[in-house]
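Q: I have a new model open and would like to practise reading it feature by feature. Could we go through it together?

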Amino acid sequence: MKLQAKSRVIDEEQEDNKYMKAAIAQAKKAYKLGEVPIGCVIVYEGRIIGRGYNRRNTDKTPLAHAEITAIKKAVKVMKDWRLEECKLYVTLEPCQMCAGAIVQARIPEVIMAAENPKAGCAGSVMDILNNPDFNHQVTVKKGILKEECSKLLKDFFVELRARNKALKEQKGNL
Ligand SMILES: [Zn+2]
């Protein structure tokens, strides 16, 4: 690899890590609310124009996914439903709803951390982001800061199970 090309790859890697860290910061907000920790940011010309984190239980709606919230904010900033020059960073592989919204918003690139074998629609359960039959395909980069994002999810579910177990035992003692 030529030196220039190599430094471009390193720059891109640093940039991806930086924005994924911002998405992780969003996921941590969900964690604090007792929500499954998933976070998302949307970047336009090196600037974050939309942030979101999972608030499904807090807002009592299946629509309150991180990506949907971030898209809602980004389109407001762009004053356009198309996010054609934006990149979306998300800590977990998008579900069918979010993958659909990403295609609808014409987002050209998604950078994701952990895969979601049970619900992911960037290739795990199905591939909505890259279906040649749709009028828009998304370039997908996987595995950026995957360990950190997976650990956050794992810690959350370990804590949740412990909490549920304690509650059950409490009820049993009554
Ligand atoms: Zn979703």
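Q: At which residues does UniProt place the feature "binding site"?

A: Happy to start there, and keep in mind that this is a predicted model. The record, an unreviewed entry, puts the "binding site" at His65, Cys95 and Cys98. Such annotations may be inferred rather than shown by experiment. In this model the three residues span 34 residues in sequence, yet no two of their C-alpha atoms are more than 9.2 Å apart, so they gather at one spot.

Q: Which residues does the UniProt domain feature cover?

A: The unreviewed entry places "domain: CMP/dCMP-type deaminase" at residues 14-123. That span is 41% helix and 24% strand, and its end C-alpha atoms lie 25 Å apart.

Q: How do I read burial: is Cys95 buried or exposed?

A: Count neighbours: a residue is buried if 20 or more other C-beta atoms lie within 10 Å of its own, and exposed if 12 or fewer. Cys95 has 22 such neighbours, so Cys95 is buried. You will find Cys95 in the loop between strand 3 (86-92) and helix 4. Leaving out residues up to four places away in sequence, Cys95 touches His65, Ala119 and Cys121.

Q: And where is Cys98 found, and which residues does Cys98 touch?

A: Cys98 belongs to helix 4. With 30 other C-beta atoms within 10 Å, Cys98 is buried. Setting aside residues up to four places away in sequence, Cys98 touches His65, Glu67 and Ile68.

Q: How do helix 3 and helix 4 pack, and at what angle?

A: For a helix pair, look at the angle and the distance between axes. Helix 3 (residues 66-78) and helix 4 (residues 96-104) pack at about 25°, with axes 9 Å apart. Angles under 35 degrees count as roughly parallel, and helix 3 and helix 4 are therefore roughly parallel to each other. Their crossing is left-handed.

Q: Which residues meet where helix 3 and helix 4 touch?

A: From helix 3 come Glu67, Ile68 and Ile71, which meet Cys98, Ala101 and Ile102 of helix 4. By type, this contact divides into five nonpolar, no polar and one charged.

Q: One last residue: is Asp155 buried or exposed?

A: Apply the neighbour count again. Asp155 has 12 other C-beta atoms within 10 Å, so Asp155 is exposed. This residue is found in helix 5 (residues 146-173).

Q: How far apart are Asp155 and Tyr31 in sequence and in space?

A: Comparing both distances is a handy habit. Asp155 and Tyr31 are separated by 124 residues in sequence, while their C-alpha atoms are 9.7 Å apart in space.

Conventions: Residues are numbered from 1 along each chain as its sequence is written. This is a predicted model: local features need pLDDT of at least 70, side-chain atom pairs count only at pLDDT 80 or more; totals for chains, interfaces and linings use all residues. Helices (H or I, at least four residues) and strands (E, at least two) are DSSP runs, numbered from the N terminus. Axes are lines fitted to C-alpha atoms, for helices over the stretch in contact, and angles run from 0 to 180 degrees between N-to-C directions. Angles under 35 degrees count as roughly parallel, over 145 as roughly antiparallel, 65 to 115 as roughly perpendicular and the rest as oblique. A crossing is left-handed if the near helix is turned anticlockwise from the far one by less than a right angle, and right-handed if clockwise. Two residues are in contact if their C-beta atoms, placed from the backbone, lie within 7 Å. Ala, Val, Leu, Ile, Met, Phe, Trp, Tyr, Cys and Pro count as nonpolar, Asp, Glu, Lys and Arg as charged, and the others, Gly among them, as polar.
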